[in-house]
Each structure stands twice: as C-alpha cells, then as structure tokens.
Amino acid sequence: MTFRDGCRLFLLCALLTGFCLVLGRMVHPVETETTAAGMVIAEGNGIRVLSGALDGYFDVTYTRSQLLKGTLPVVSPLHPLPADFPSPNARGVRKVVGAYLPALEETALARDAIQALCDLQYDYALQGVRITRGAVSMAQQNEERRKVFENLLHTCSVEEAAEKSRQREPAGGESEHQLGLCFDLVWTEGAELGKGDMIACCDTGLWLKENMWQYGFIRRGAPEHRAHEENVCGNLHIRYVGVPHAAAMQAGNWCLEEYLNILRTYGCITVQVEGQRGNCIYWLPLTHEDGITARLPSPYGDVSFDNMGGAVFTCTAPGA
Ligand SMILES: [Zn+2]
C-alpha cells in the first residue's frame with residue numbers, strides 16, 4: 001500500500017466513524033438531552049415540574065406483584081386495596097432505631113419510611129411531637145371500625161350507627177395506614193391547638209409543612225385539599241411517597257389525587273430539584289395481567305400502581 005492509499009483509507013475510516021456516531025445519536029438520543037421536556041406546569045421551592053420527559057429505548061416489564069409494592073396507590077373507601085395486596089414489611093420503629101425517633105412503642109413502618117424519617121430527624125430534630133399509628137393490618141382496621149360502630153350504638157339506631165361508622169372510620173382495605181408508609185403526628189408540647197389547621201399550630205408543624213417534601217413525605221387531609229382528596233384519616237396524617245413525587249406535589253400544591261390526574265393527563269413529566277439530578281415520571285396503563293410493558297429511558301426505576309387502573313414509573317434522568 002502506498003502512502004497515498006494509506007491516507008485515503010484513514011480518511012474513509014474517519015468518515016465512517018463520524019457517520020456511525022451521527023447515526024448512533026439519532027437512534028439513541030444523547031442521554032443529557034431532555035428533548036421532550038417542555039412547558040413548566042409548576043414551580044416553587046427550587047422545584048420545577050415540566051411536561052414531557054425523555055423518550056425511552058429500553059423495553060421494560062413489571063409484574064402486578066412488583067407494582068403492588070409501590071408508594072403511590074390511592075387508598076380510601078372509594079378505592080379500597082385489592083384483595084391480593086400483600087401485607088407491607090413493616091418493622092417496629094423503636095426496635096429499628098431505638099429512641100432516635102419520637103415514635104410510640106407500637107408504631108411500625110416500612111423500611112423506606114423509617115429511613116426517610118431518620119434523614120429528616122438528622123437535619124431537624126423533631127420537638128414536642130409523637131409519631132403514632134403507623135402500619136395497621138386489615139384485621140386491626142376492621143376492629144377500629146367495629147369499635148366506632150359499638151360506641152355509636154349507645155346513642156344511635158343500628159342503621160344510623162352503621163352509616164356514621166362508615167363515614168368516621170375506614171374498614172379493612174380502605175385505610176392508607178395499611179400501606180405501612182403512613183403515620184399520624186400528635187403534638188405533645190408547644191402547640192396552640194384549636195386554632196385552625198393542626199399542622200400550623202407549632203414551629204415543628206410549620207417546618208414540616210415547608211420542608212418534609214425533601215424527605216419524600218406529603219400530608220394527607222390538609223384543609224386546602226379537601227375538595228379533591230378522598231377521606232383517608234382524621235388525624236394529622238403524613239405519608240411517604242418518595243422525593244420526586246413529594247417535590248412535584250409541593251411545587252404544584254397538589255394532593256395525591258390531583259398529582260395522579262396530572263400524570264395521567266400529560267403521560268409523563270420531568271421533575272427538577274435545584275442541585276439534584278432530574279427525575280422522569282411516566283403514567284402507564286395496566287396491560288398484561290395488570291402489569292406494565294413500556295419503552296422507557298432506563299431499565300432501573302421505582303414503580304407503583306395507582307389503584308385507579310394505571311401505574312407510575314420513575315427514573316433518574318440520565319445525566320440531566
Ligand atoms: Zn392517619
């Protein structure tokens with residue numbers, strides 16, 4: 001081969017390599033591009049929620065039993081848990097972390113909720129508050145309903161007692177507490193009770209209202225959400241959903257039902273929190289045997305059923 005042929009061969013290889021790179025970008029978009037993310041749907045607290053998310057190129061399948069382990073189902077008398085919902089793997093908070101968290105002795109929670117509470121406690125030592133109730137089994141919840149019914153029988157007819165107990169206490173399968181991701185807060189000191197919203201009556205409550213989303217917690221039963229929210233608990237009730245979802249709900253001031261509706265409407269959203277990698281969140285209809293199969297930008301993510309006919313997949317936006 002002459003020197004000239006060598007040069008020609010080198011040039012050809014360089015051209016071919018360039019062509020392949022361009023083709024590669026067309027087939028697999030560069031990971032840092034959030035090409036489909038567009039309109040700002042909500043903004044605040046250093047959080048931006050955008051319509052759209054990355055296109056997918058991994059075919060991903062999740063089974064129904066995987067979806068049932070998620071953090072996002074709506075659970076209420078209108079949307080009871082399915083009969084095959086597994087008991088959550090809840091552990092006694094005091095057994096796991098001792099007195100590090102101000103939990104009552106019998107309070108049990110799923111591991112993710114305990115971990116998130118510990119992260120919160122590390123940053124802001126909770127004062128004048130007790131963590132109560134936590135995970136409740138189907139049988140315990142039925143027992144709660146029975147107690148309310150029996151108390152009402154002292155003053156009401158059987159029919160009235162049945163109706164009122166239905167309104168006041170969820171039966172088994174109808175309470176978020178069965179997820180193992182929820183707990184109630186009781187103020188023990190420093191709270192000015194009886195003056196409006198339960199969470200706004202002390203400094204700890206006000207701090208939680210502004211900051212607990214950073215640890216993945218949302219509040220259920222806030223006065224401002226009652227019009228859109230299904231009744232879940234009469235107490236100051238906190239639920240773990242995971243940081244990206246709690247961040248989006250904080251930015252949009254949406255309750256869980258409104259948030260799931262936004263996801264279903266847009267199909268996918270991107271949640272960006274200042275200083276952190278963004279998250280792509282997709283709402284997907286259930287397909288084969290109530291699982292999901294979809295083309296997604298990552299084979300690794302969190303997944304949850306919404307108990308309303310769909311599922312939510314969440315992954316970190318690669319490189320974004
Ligand atoms: Zn509760």
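This text walks through selected strands, helices and loops of the structure.

The model is predicted, so local features need pLDDT of at least 70 and side-chain atom pairs count only at pLDDT 80 or more, while totals for chains, interfaces and linings use all residues. Residue numbers start from 1 along each chain as its sequence is written.

Start at strand β2, residues 47-51. Helices and strands here are DSSP runs, numbered from the N terminus: H or I over at least four residues for a helix, E over at least two for a strand. Four of the five residues of β2 are buried, so the strand is largely enclosed by the rest of the structure. Buried means that 20 or more other C-beta atoms lie within 10 Å of the residue's own; exposed means 12 or fewer, and partly exposed lies in between, with C-beta atoms placed from the backbone.

β2 has a partner in β1, residues 40-44. The two pair in the antiparallel sense over four bridges. Pairing requires that DSSP finds at least two bridges between the strands. Val40 stands opposite Leu50 in β2. β2 is also joined to β10, residues 268-273, by five bridges. These strands run antiparallel as well. Here Ile47 stands opposite Val273 in β10.

Now take the turn between β1 and β2. Two residues separate the strands of this hairpin. Asn45 sits in that loop. Its phi is near 55°, a positive value in a residue other than glycine. Most residues other than glycine have a negative phi. Asn45 has 14 other C-beta atoms within 10 Å, so it is partly exposed.

A second asparagine shows a positive phi. Asn253 is not a glycine, yet its phi is about 50°. Asn253 is found in the loop between α8 and α9. Asn253 counts as exposed because it has 12 C-beta neighbours inside 10 Å.

Past that loop comes helix α9, residues 256-266. Its buried residues are Leu256, Tyr259, Leu260, Ile262 and Leu263. They cover an arc of only 155° around the axis, which puts them on the same side of α9. The arc is taken over the directions from the helix axis to the C-beta atoms. An α-helix has 3.6 residues a turn, so residues three or four places apart point the same way. What do the buried residues of α9 pack against? They pack against β1, β8 (217-220), α8 (243-252), β10, β11 (279-285) and β14 (310-316). Contact means that two C-beta atoms, placed from the backbone, lie within 7 Å. Gly267 follows α9, with a positive phi near 85°.

Turn last to helices α5 and α6, residues 158-168 for α6. Their axes come within 9 Å and cross at roughly 140°. That makes α5 oblique to α6. Axes are lines fitted to C-alpha atoms, for helices over the stretch in contact, and angles run from 0 to 180 degrees between N-to-C directions. Under 35 degrees counts as roughly parallel, over 145 as roughly antiparallel, 65 to 115 as roughly perpendicular, and the rest as oblique. The contact is made by Arg145, Val148, Phe149 and Leu152 of α5 with Ala161, Ala162, Lys164, Ser165 and Arg168 of α6.

Look closer at Phe149. It lies in α5, residues 138-152. Not counting residues up to four places away in sequence, Phe149 touches Ala161, Ala162 and Ser165. The C-alpha atoms of Phe149 and Glu163 are separated by 8.9 Å, at 14 residues apart along the chain. Phe149 counts as partly exposed because it has 19 C-beta neighbours inside 10 Å.
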